[in-house]
Amino acid sequence: MSIISLMGCAEAEQSLTVTASAYTSTVGETDSTPNLAAWGDTLKPGMKSIAVSRDLIKLGLTHQQEVRIEGFDGKYTVLDKMNKRWTNKIDIYMGEDVKKANQWGKQEVVIYWIDQD
């Protein structure tokens, strides 16, 4: 895992290469409350949000953090966290589009965020 930052700046952009998969708000992928994220947010199709592995929270990718994902338009918001078994990983929320999530599969991406500390 390598993190790149611009030291000496008030706000330093961080970047990290992670494994990215996709998830949907369907009962088969989560639990009986598929639209309820781990921090209590309600997920809705069309939202640009991600779930992060818990090791990434320590790096500043915590609740409500905005993230850019290389190859994707716009910013995504961290609204969910993944099971403890995952490390160096994000899940990109794809609403209820299971076919799109399956087509995405698993890929390596670079993510960027502004360190707020």
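Arg68 lies over the face of Tyr112, 4.5 Å from the ring centre. The model is a predicted one. Its protein chain holds 2 helices and 7 strands. Buried residues account for 40% of the 117 residues in that chain.

**Around Arg68**

- Besides its place over Tyr112, Arg68 forms a salt bridge with Glu13. The closest N and O atoms of that bridge are 2.9 Å apart.
- Glu13 belongs to strand 2 and Arg68 to strand 4, so the bridge ties together parts that are 55 residues apart in sequence.
- Is each partner buried or exposed? Glu13 counts as partly exposed, at 29% relative accessibility. Arg68 is partly exposed too, with a relative accessible area of 35%.

**Other charged contacts**

- The count of salt bridges comes to 3.
- One of them joins Lys75 and Glu66, with 3.8 Å between the closest N and O atoms. Glu66 is partly exposed, at a relative accessible area of 43%.
- Another joins Lys89 and Asp91, where the closest N and O atoms are 3.5 Å apart. Both Lys89 and Asp91 are buried. They count as buried because their relative accessible areas fall under 20%.
- Lys89 also meets a ring: its charged end sits over Trp86, 4.7 Å from the ring's centre.

**Overall layout**

- Starting at the N terminus, the elements run β-β-β-α-β-β-β-α-β.
- Take the contacts between residues at least 6 apart in sequence: 72% of these join residues at least 24 apart.
- The chain exposes about 6800 Å². Carbon and sulfur atoms supply 48% of that area.

**Nonpolar cores**

- The largest nonpolar core has 20 residues. Which of them touch the most other members? They are Ile50, Val67, Ile69, Ile90, Ile92, Val109 and Ile111.
- Several elements give two or more residues to this core. Among them are strand 3 (49–52), strand 4 (66–69), strand 6 (89–93), helix 2 (98–104) and strand 7 (106–115).
- Strand 2 provides the largest share of this core, with 4 residues.
- A second core stands separate and has 7 residues, including Tyr23, Ala37, Leu43 and Leu79.

**Val67 and its contacts**

- What does Val67 touch, leaving out residues up to four places away in sequence? The list includes Ile50 and Ile111, which, like Val67, are among the core residues that touch the most other members.
- Val67 also touches Leu61, Gly74, Lys75, Tyr76 and Val78. Tyr112 and Trp113 complete the list.
- Two of these contacts appear elsewhere in this briefing: Lys75 is the salt-bridge partner of Glu66, and Tyr112 is the residue whose face Arg68 lies over.

**Aromatic groups**

- There are 3 aromatic pairs by count.
- Phe72 and Tyr76 form one that is edge-to-face. Their centres are 5.7 Å apart, and the planes stand at 90°.
- The angle explains the label, because planes over 60 degrees apart count as edge-to-face.
- Phe72 is partly exposed, at 22% relative accessibility. Tyr76 is buried, with a relative accessible area of 8%.
- Which residues form one aromatic cluster? Phe72, Tyr76 and Trp104 do.
- Tyr76 thus has two roles here: a member of that cluster and a contact of Val67.

Definitions and conventions:
Residues numbered from 1 in each chain as written. Predicted model: local features only at pLDDT ≥ 70, side-chain atom pairs only at ≥ 80, totals over all residues. Heavy atoms only, no water. Core = buried A, V, L, I, M, F, W, Y, C linked by side-chain atoms within 4.5 Å. Buried < 20%, exposed > 50% of the residue type's maximum accessible area, 1.4 Å probe, protein only. Contact = heavy atoms within 4.5 Å. Salt bridge = Lys/Arg side-chain N within 4 Å of Asp/Glu carboxyl O. Areas by Shrake-Rupley, 256 points an atom, 1.4 Å probe, with all protein chains shown as cover. Phe/Tyr/Trp six-rings, centres within 6.5 Å; stacked < 30°, edge-to-face > 60°. Lys NZ or Arg CZ within 6 Å of the ring centre and 35° of its normal.
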